[in-house]
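Q: Please walk me through a close look at one part of this structure, and then follow the trail to the parts that go with it. I would like to know what sits on the surface, what is tucked inside, and where the backbone does something unusual.

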Amino acid sequence: MAVIILFIEDDVIDQMAFKRFVKTERLDYDIVIVDSVAKAQEVISSSTFEIVISDFNLGDGTAFDFLHDIVELDVPAIILTGAGNEEIAVKAMSFGAYDYIIKDHNRNYLKIIPVVVKKALQHLHDKRYAQKLQEDLFKAQKLQSVGTLAAGIAHDYNNLLAVILGYLN
């Protein structure tokens, strides 16, 4: 089943390089490409994606303008940049980005994207599974508490019945 990816990139050459890379590598990706913060915000609010890959600097803003929306939807975000620095990387990761990749002029960064996508999706799967296990544990603990309470009440009624039956005899 194809991985549905929102690819946000304002550079047409980078858009074409990504599409060509996906086709050449026969990656099972269903890609939606937008080229601005405004279009990204519109698409994020109206569509569902499994992962978002975005250039950091866009013509009308930065990936920080919509990163919070993506993270709130529990969708992994990978930030790409050609003009990155550690400060932006730390900020992106602290805002909830899954990874931060520096672009190179030869576009070798494209080779790492499938690995990062796979790891991000596995991390999301593991996170959701852990949440489900936590919910199941909480439900089991609630049931155990109800069972303990019911056993206590039954014990109290049994004691009362024993006293009543003792008087009747």
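A: Let's start at Leu 160, which sits in helix α5, a run covering residues 113-168. Please keep in mind that this is a predicted model. Leu 160 belongs to a nonpolar patch on the surface, which it forms with Leu 149, Ile 153 and Tyr 157. Taken together, the four residues have about 440 Å² of accessible area.

If you look back to the loop between β7 (99-102) and α5, you will find Arg 107. Arg 107 is not a glycine, yet its phi is positive, at about 60°. Its relative accessibility is 26%, and because that lies between the 20% limit for buried and the 50% limit for exposed, Arg 107 counts as partly exposed. A companion case is Arg 26, in the loop between α1 (12-24) and β2 (29-34). Here too a residue other than glycine has a positive phi, this time near 55°. Arg 26 has a relative accessible area of 76%, so it passes the 50% mark and is exposed.

Now to helix α4, residues 86-94, where the buried residues are Ile 88, Ala 89 and Ala 92. Viewed down the axis of α4, these buried residues fall within an arc of 100°, so they line one face of the helix. A general point helps here: an α-helix has 3.6 residues a turn, so residues three or four places apart point the same way. The buried residues of α4 pack against α3 (64-72), β6 (77-81) and β7. On the face turned away from that buried side, α4 carries the exposed residues Glu 86, Glu 87, Val 90 and Ser 94. Just after α4 comes Gly 96, whose phi is positive at about 115°.

For one more view of the inside, try Ser 54 in strand β3, which spans residues 51-55. Its relative accessibility is just 1%, and because buried means under 20%, Ser 54 counts as buried. Setting aside neighbours within four places in sequence, Ser 54 is in contact with Ile 8, Ala 63, Phe 66, Ile 78, Ile 79 and Leu 80.

So, to return to your request: the nonpolar patch that includes Leu 160 is on the surface, whereas Ser 54 is buried. Helix α4 has Ile 88, Ala 89 and Ala 92 as its buried residues, while Val 90 is one of the exposed residues on the face turned away from them.

Technical notes:
Residues numbered from 1 in each chain as written. Predicted model: local features only at pLDDT ≥ 70, side-chain atom pairs only at ≥ 80, totals over all residues. Heavy atoms only, no water. Patch = residues over 30% accessible without salt bridge, like charges linked within 9 Å, V, L, I, M, F, W, Y side chains within 5 Å. Areas by Shrake-Rupley, 256 points an atom, 1.4 Å probe, with all protein chains shown as cover. Salt bridge = Lys/Arg side-chain N within 4 Å of Asp/Glu carboxyl O. Helix = DSSP H or I, 4+ residues; strand = E, 2+ residues; numbered from the N terminus. Buried < 20%, exposed > 50% of the residue type's maximum accessible area, 1.4 Å probe, protein only. Contact = heavy atoms within 4.5 Å. Arc of directions from axis to C-beta.
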